[in-house]
Amino acid sequence: MKGKRVKAMLALLLIAACAPDGPQRVVEPRPDASAAVRGDALLRTTMLNDQNAARTRAGVPPLAWDATLADHARAYARELARTGRFEHADQPQGPGREGENLWTGTRDAYGYDEMVAHWVDEKRFFTNGVTPDFSTTGDYRDAVHYAQIVWRGTQRMGCALASNARDDVLVCRYDPPGNVVGERAY
């Protein structure tokens, strides 16, 4: 049952994340009203462990945590939570650009493992084609978060969570960035 719920939420979040007006807000019924366990140490451990597990399965080296990337992610997550927008950061092309994965959901309803699972579950649509042709659906957006996670050239990551009255916003930043047009993830 939980797997179906995660898959359904993934599909809704992917559709919402790609909508021009920002994500549609979906409130999922929860089995209990308790808030998900939170904290910076748990965020770091969960993001590293779960994304590195996906990288291990893909046969690529693990990522290291980077405090500067986490600071950048924190600043942007706070901006998104404050403004209510849900869109990728406007970043310069070339040196200094960071890869970025975004997630949003009902405040305090999701554990970090559920958040990252939405990205990792995109593996079901992933094929290691030349970017942007890496989705079995024909739409790169269906596998773009997973592709960033398993991008061979990426070495470091940092993530942060910010909240507003209604939503949590998770931002992960990656260096060097993945999803380079004309290249394969691994």
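Select Ala 185 and Asn 128 to begin: the backbone nitrogen of Ala 185 lies 3.1 Å from a polar atom of the Asn 128 side chain. The model on your screen is a predicted one. Asn 128 sits in the loop between α4 and α5. Show its surroundings. Leaving out residues up to four places away in sequence, Asn 128 touches Arg 184, Ala 185 and Tyr 186.

**Stop 1: the rings beside Asn 128**

Keep Tyr 186 on screen and add Phe 126. Their ring centres are 6.1 Å apart and their planes stand at 35°, so the pair is tilted. The two residues come from distant parts of the chain, 60 residues apart. Phe 126 belongs to the loop between α4 and α5, and Tyr 186 to the segment after β4.

Is each ring residue buried or exposed? Phe 126 has a relative accessible area of 12%, so Phe 126 is buried, since the limit is under 20%. Tyr 186 has 32% and counts as partly exposed.

Now widen the selection to Phe 134 and Tyr 146. Ring pairs link Phe 126, Phe 134, Tyr 146 and Tyr 186 into a cluster.

**Stop 2: another ring pair**

The aromatic pairs number 4. One of them is Trp 103 with Tyr 110. Measure nothing yet; just look at the angle. How do these two rings meet? Their planes stand at 75° and their centres are 5.2 Å apart, so this pair is edge-to-face. Colour by accessibility next. Trp 103 is buried at 3% relative accessible area. Tyr 110 is also at 3%, and counts as buried.

**Stop 3: Val 150 and its neighbours**

Select Val 150. Which residues does Val 150 touch, not counting those up to four places away in sequence? They are Ala 54, Arg 55, Ala 58, Val 60, Phe 126, Ala 185 and Tyr 186. Two of these names, Phe 126 and Tyr 186, are the tilted ring pair from the first stop.

Add Arg 57, which lies in helix α2. The C-alpha atoms of Arg 57 and Val 150 are separated by 9.2 Å, although their positions lie 93 residues apart along the chain. Arg 57 is exposed, with a relative accessible area of 56%.

**Stop 4: the cores**

Val 150 is also a way into the largest nonpolar core, which has 32 residues. Select the residues with the most contacts inside this core: Met 47, Trp 119, Phe 126, Val 150, Met 157, Leu 170 and Cys 172. Then colour the elements that each supply at least two residues of this core:

- helix α2, residues 40-58
- helix α4, residues 112-120
- helix α5, residues 144-149
- strand β3, residues 156-163
- strand β4, residues 167-175

Apart from this core lies another, of 12 residues. Among its members are Tyr 76, Leu 80, Val 169 and Val 171.

**Stop 5: the strands**

Switch to a ribbon view. Pick β4. How many of its 9 residues are buried? The number is 8, so β4 is largely enclosed by the rest of the structure.

Turn to its partners. Strand β2, residues 99-106, pairs with β4 in the antiparallel sense over 8 bridges. Gly 99 has Tyr 174 in β4 as its bridge partner. Strand β3 runs antiparallel to β4, with 8 bridges joining them. Here Arg 156 is partnered by Asp 175 in β4. Follow the ribbon from β3 to β4: a hairpin joins them through 3 residues.

Now pick β1, residues 64-65. Strands β1 and β3 run parallel, joined by 2 bridges. Trp 65 stands opposite Met 157 in β3.

**Stop 6: the disulfide**

Show cysteine side chains. The disulfide count is 1. Which two residues does the disulfide join? They are Cys 159 and Cys 172, with S to S at 2.0 Å. Cys 159 is in strand β3 and Cys 172 in strand β4, 13 residues apart. Cys 172 is also the bridge partner of Cys 159 in β4. Look along the S-S bond: the angle about it is 110°, and the link is right-handed. Both cysteines, Cys 159 and Cys 172, are buried.

How values were computed:
Residues are numbered from 1 along each chain as its sequence is written. This is a predicted model: local features need pLDDT of at least 70, side-chain atom pairs count only at pLDDT 80 or more; totals for chains, interfaces and linings use all residues. Side-chain values use heavy atoms; hydrogens and water are left out. A nonpolar core is a set of buried Ala, Val, Leu, Ile, Met, Phe, Trp, Tyr and Cys residues joined through side-chain atoms within 4.5 Å. Buried means under 20% relative accessible area, exposed over 50%, partly exposed in between (1.4 Å probe, protein chains only). Helices (H or I, at least four residues) and strands (E, at least two) are DSSP runs, numbered from the N terminus. Contact means heavy atoms within 4.5 Å. Rings of Phe, Tyr and Trp (its six-membered ring) pair if their centres lie within 6.5 Å; planes under 30 degrees apart count as stacked, over 60 as edge-to-face and the rest as tilted. A polar contact is a pair of N or O atoms within 3.5 Å; within protein, one must be able to donate a hydrogen and the other to accept it, and residues adjacent in sequence count only if both atoms are side-chain atoms. Two strands pair if DSSP finds at least two bridges between them. A disulfide is a pair of cysteine sulfur atoms within 2.5 Å.
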